[in-house]
Amino acid sequence: MLLILSEPGDTTVRMVLPKLKARGAAVVWWDPAQYPAAARLTARFPAGGTELTLVTSGETVDLSRTTAVWNRRPGQPAAAASVTAGDLRERAEELSEWFLEGFWDLLDARWLPARHPVLRRAHNKLVHLALAQRLGFTVPHTVITNDPAELVPAYEHAGGRLIAKPIEYAPFELDGARHTVYTTVVQRRDLAGRARLVHEPTILQPYVRKAVELRVTVVGRQVFAAEIASQDSPRTRDDWRHYDHDRARHSVHHLPGDVARRCADLVAALGVTFGAIDLILTPDGEYVFLEINPNGQWGWIEDLTGLPIGDAIADWLTTAETDAP
């Protein structure tokens with residue numbers, strides 16, 4: 001039995017579900033955000049074994065039968081609406097999260113991409129950059145800091161061509177509006193406001209010239225590379241996440257063998273079984289590592305290029321052989 005942990009509206013899961021069913025897999029799709037308010041979890045320890053049970057929507061599921069888990073986009077535990085006191089809600093949700101961490105650890109199953117503690121470390125950009133360097137990737141001269149005194153030296157070292165980006169791209173709420181911070185080119189006039197850097201750690205890197213940008217998706221040891229012609233659109237020139245599919249064309253890219261192998265090695269070294277890696281291919285033909293998202297999106301890549309990433313995920317989840325590190 002396969003267990004998918006994700007929010008109910010996850011379109012990426014919906015892309016893969018038919019592929020899993022075509023392979024004859026029994027699938028349970030559940031969002032931990034339903035716990036403890038609308039679901040029941042029980043761990044029993046009878047002599048000689050462990051029993052793990054989920055009760056949701058009136059059905060009882062024996063999770064002890066789980067062979068693989070797709071840890072996609074699970075929600076956080078949420079207390080029942082009737083628990084209105086802030087301190088009690090916080091306590092209920094903290095204890096639920098603590099329980100879930102131990103509960104998932106008891107599953108004798110393969111995980112894509114990994115259990116939460118491993119994923120949390122693998123999301124850290126300091127960890128990827130250091131590991132990518134050790135594996136032989138070309139990595140820009142990078143400074144990650146909240147020290148305003150570091151901005152001018154970084155700008156000068158980059159010859160006045162410096163970019164700044166957050167250590168995490170997750171959207172945030174401010175004054176009731178949703179915001180996302182993108183990669184920004186640092187202008188000389190920005191140096192006067194460098195005191196603002198003290199408020200949060202920021203990644204500073206030289207601006208790397210681009211022929212194309214690459215999104216490399218790794219499933220187990222399978223590597224799928226797509227190139228994004230980000231320089232063909234002013235919207236995507238500095239950060240392709242501004243998206244302009246009409247002008248910033250997507251196509252299949254054939255990575256050199258050593259670069260593809262390095263991508264697979266990076267995923268394995270992080271202890272995960274999936275990764276979405278961002279590279280730059282420079283006009284001189286050099287592949288430059290930027291970052292890896294161990295649970296990154298890939299649906300639009302498959303839609304625009306035809307790369308069979310969903311099939312690879314379905315195969316990994318249903319195969320009896322393990323690619324897990």
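In this model, helix α1 passes α8 in a right-handed crossing. The model is a predicted one, and the chain averages a pLDDT of 91, with 93% of the residues scoring at least 70. Besides that helix pair, here's a quick tour of two open sheets, the helices sitting on one of them, and a few backbone oddities.

**The α1/α8 pair**

- Two packed helices are described by the angle between their axes and the distance between the axes.
- For helix α1 (residues 11–22) and helix α8 (residues 309–318), the axes come within 9 Å and cross at roughly 50°. That crossing makes α1 oblique to α8.
- On the α1 side, the contact is made by V16, K19 and L20. Facing them in α8 are G310, D311, I313, A314, L317 and T318.
- Sorted by class, this α1 and α8 contact has 5 nonpolar, 2 polar and 2 charged residues.

**The four-stranded sheet**

- One open sheet has 4 strands in the order β8-β13-β9-β12, and the pairing is antiparallel.
- Why is one side of β8 and of β12 left without a neighbour in the sheet? β8 (143–145) and β12 (184–186) stand at the edges and each has a single partner strand, so one side of each stays without a neighbour there.
- Ignoring direction, neighbouring strands of this sheet are turned by 30° against each other on average.
- β8 and strand β13 (residues 202–206) run antiparallel and are joined by 3 bridges. If you want a residue pair to look up, I144 has I203 in β13 as its bridge partner.

**The five-stranded sheet and its helices**

- The other open sheet is built from 5 strands in the order β16-β15-β14-β17-β18, again with antiparallel pairing.
- Its edge strands are β16 (250–252) and β18 (287–293), each pairing on one side only.
- From one strand to the next, the twist averages 25°.
- Strand β17 (residues 274–281) runs antiparallel to β18, and 6 bridges join the two. Among the residues here, A276 stands opposite N293 in β18.
- Which strands does α6 touch as it packs on the sheet? They are β14 (212–219), β15 (222–228), β17 and β18, and the direction of α6 makes about 140° with that of β17.
- α8 packs on the sheet too, touching β14, β15 and β17. The direction of α8 makes about 20° with that of β14.
- So far as partners go, α8 meets residues of α1 and also packs on this sheet.

**Backbone oddities**

- Most residues other than glycine have a negative phi, and most peptide bonds are trans. The next few spots go the other way.
- The peptide bond from Y35 to P36 is cis, with omega near 0°. P36 sits in the loop between β2 (27–30) and β3 (39–44).
- From L112 to P113 the peptide bond is also cis, with omega near -5°. You'll find P113 in the loop between β7 (110–112) and α3 (116–122).
- S57 isn't a glycine, yet it has a positive phi of about 50°. That residue, S57, lies in the loop between β4 (51–56) and β5 (59–62).

**Where to trust it**

- Where in the chain is confidence highest, and where is it lowest? Helix α6 (residues 257–269) is highest at a mean of 98, while strand β10 (residues 172–174) is lowest at 66.
- Over residues 321–325, the pLDDT is below 50. Beyond near neighbours in sequence, that stretch has 11 contacts in the model.

Note on methods. Residues are numbered from 1 along each chain as its sequence is written. This is a predicted model: local features need pLDDT of at least 70, side-chain atom pairs count only at pLDDT 80 or more; totals for chains, interfaces and linings use all residues. Side-chain values use heavy atoms; hydrogens and water are left out. pLDDT is the predictor's confidence in each residue, from 0 to 100. Contact means heavy atoms within 4.5 Å. Axes are lines fitted to C-alpha atoms, for helices over the stretch in contact, and angles run from 0 to 180 degrees between N-to-C directions. Angles under 35 degrees count as roughly parallel, over 145 as roughly antiparallel, 65 to 115 as roughly perpendicular and the rest as oblique. A crossing is left-handed if the near helix is turned anticlockwise from the far one by less than a right angle, and right-handed if clockwise. Ala, Val, Leu, Ile, Met, Phe, Trp, Tyr, Cys and Pro count as nonpolar, Asp, Glu, Lys and Arg as charged, and the others, Gly among them, as polar. Two strands pair if DSSP finds at least two bridges between them.
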